Amino acid sequence: MCGIPEAQIAISVLTTVASFQNQKDTYKRNVAAQDKTMEHANVAYLNDLSKIDAETSRAEQARSLEMLTMRQELTKNQAYALNSGFGNSLRVVQDISGKHDLATGELIFNFERDIMTLQNQEQDAYANLWRTASDMQPLQPPSLIGAGLSLAGAGLDYAKSDNKYQFGKTKKYDDLLH
């Protein structure tokens, strides 16, 4: 028959084992949650980069189309001025070319501004990815050594108990009184 010390050690062992198993399960769930969070952060980052690349392509296409339109307009204006016979043809071409150069400069400035904005968005997307990663707390797996030491401590408590069951010995009534 078991007494109080035996019941205490049994409860201590079961509590330690159950606690270790619970900590292990919690650790696994937290690791899985963090992995899923990083997966979502990576997908969001790649989506942001995809949008930025698409905007960059559209900006380059718009710039190319505008440059083509401006060249055609320049050629048309030069041909019109030369064929109309107004004044000094060299001065007319220089005036038209100067206006074209100014418009080209403004177009290049606006394009570079758009590209810089897109680069900033790319850096922001990268920063968001790592902000998500750095917000995650490092996880510590449960300690098997700690659980073992707890079990050993319970065993030592049982071993020092005066009321523990002693195999092969029977207690006499006189021994209990002294």
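A residue counts as partly exposed when its relative accessible area lies between the buried limit of under 20% and the exposed limit of over 50%. With that scale in hand, note that the model on screen is predicted.

**Stop 1: Glu 39 and Lys 36.** Select Glu 39. Its relative accessibility is 41%, so Glu 39 is partly exposed. Now add Lys 36, which is also partly exposed, with a relative accessible area of 41%. The two residues form a salt bridge, and their closest N and O atoms are 3.7 Å apart. Show the backbone of helix H1, residues 4–84: Lys 36 and Glu 39 sit three residues apart in this helix, so about one helical turn separates them. Side chains of opposite charge can pair when their charged atoms come close.

**Stop 2: Glu 73 and Lys 76.** How many salt bridges does the structure hold? There are two. For the other pair, stay in helix H1 and select Glu 73 and Lys 76, which are three residues apart, about one turn of the helix. The closest N and O atoms of this salt bridge are 3.6 Å apart. Colour Glu 73 by accessibility: at 37% relative accessibility, Glu 73 is partly exposed.

**Stop 3: Tyr 126 and Leu 49.** Move to helix H2, residues 89–135, and select Tyr 126. Is Tyr 126 buried or partly exposed? Its relative accessibility is 45%, so Tyr 126 falls in the partly exposed class. Finally, add Leu 49 and draw a C-alpha to C-alpha distance to Tyr 126: the value is 9.0 Å, while the two residues are 77 residues apart in sequence.

Conventions: Residues numbered from 1 in each chain as written. Predicted model: local features only at pLDDT ≥ 70, side-chain atom pairs only at ≥ 80, totals over all residues. Heavy atoms only, no water. Helix = DSSP H or I, 4+ residues; strand = E, 2+ residues; numbered from the N terminus. Buried < 20%, exposed > 50% of the residue type's maximum accessible area, 1.4 Å probe, protein only. Salt bridge = Lys/Arg side-chain N within 4 Å of Asp/Glu carboxyl O.
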